[in-house]
Amino acid sequence: MNDPMKEQPQAGLENPMNHPEELPAGSDGTPKFGRLLIVLVLAVILIGFITFASEWFYS
């Protein structure tokens with residue numbers, strides 16, 4: 001039987017829109033969420049600080 005997923009692409013059709021190849025996110029291919037998590041926590045702390053400071057300032 002012919003399996004369309006295992007067939008080799010025809011010449012010239014493997015990348016019809018000339019997109020660049022995807023780069024791995026980490027050395028082992030796993031995404032790096034550590035820095036994103038740190039930035040998210042700092043953003044929440046900053047928003048909390050702004051909220052309490054504005055409440056203190058305007059009351």
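This section describes the secondary structure, solvent exposure and aromatic contacts of a predicted model.

The protein chain contains one helix and zero strands. Helix H1 covers residues 34-58 and comprises 25 residues. From its first C-alpha to its last, H1 reaches 36 Å, close to the 36 Å expected at 1.5 Å a residue.

Burial is low along the protein chain, with 2% of its 59 residues counted as buried. Helix H1 is hardly covered, and the count of buried residues among its 25 residues is zero. The exposed area of the protein chain is about 6,400 Å², of which carbon and sulfur atoms supply 67%.

A nonpolar surface patch of about 690 Å² was identified. Its contributors are Leu37, Ile38, Leu40, Val41, Leu42, Val44 and Ile45. One of these residues, Ile38, is found in helix H1. The relative accessible area of Ile38 is 53%, and the residue is therefore classed as exposed, the cut-off being over 50%. In an α-helix, residues three or four places apart point the same way, because there are 3.6 residues a turn.

A search of the whole structure for aromatic contacts returned one pair. The pair is formed by Phe57 and Tyr58, whose ring centres lie 5.0 Å apart. The ring planes of Phe57 and Tyr58 are at 80 degrees, so the arrangement is edge-to-face, the criterion for this class being an angle over 60 degrees. Both partners are accessible by the same cut-off of over 50%: Phe57 counts as exposed at 57% relative accessibility, and Tyr58 likewise counts as exposed, at 68%.

Notes. Residues are numbered from 1 along each chain as its sequence is written. This is a predicted model: local features need pLDDT of at least 70, side-chain atom pairs count only at pLDDT 80 or more; totals for chains, interfaces and linings use all residues. Side-chain values use heavy atoms; hydrogens and water are left out. Rings of Phe, Tyr and Trp (its six-membered ring) pair if their centres lie within 6.5 Å; planes under 30 degrees apart count as stacked, over 60 as edge-to-face and the rest as tilted. Buried means under 20% relative accessible area, exposed over 50%, partly exposed in between (1.4 Å probe, protein chains only). Helices (H or I, at least four residues) and strands (E, at least two) are DSSP runs, numbered from the N terminus. Accessible areas come from the Shrake-Rupley method with a 1.4 Å probe; for residues, only the protein chains shown count as cover. The expected span of a helix is 1.5 Å times one less than its number of residues. Patches are made of residues with over 30% relative accessible area and no salt bridge: like charges are joined within 9 Å, nonpolar side chains (Val, Leu, Ile, Met, Phe, Trp, Tyr) within 5 Å. A salt bridge is a side-chain nitrogen of Lys or Arg within 4 Å of a carboxyl oxygen of Asp or Glu.
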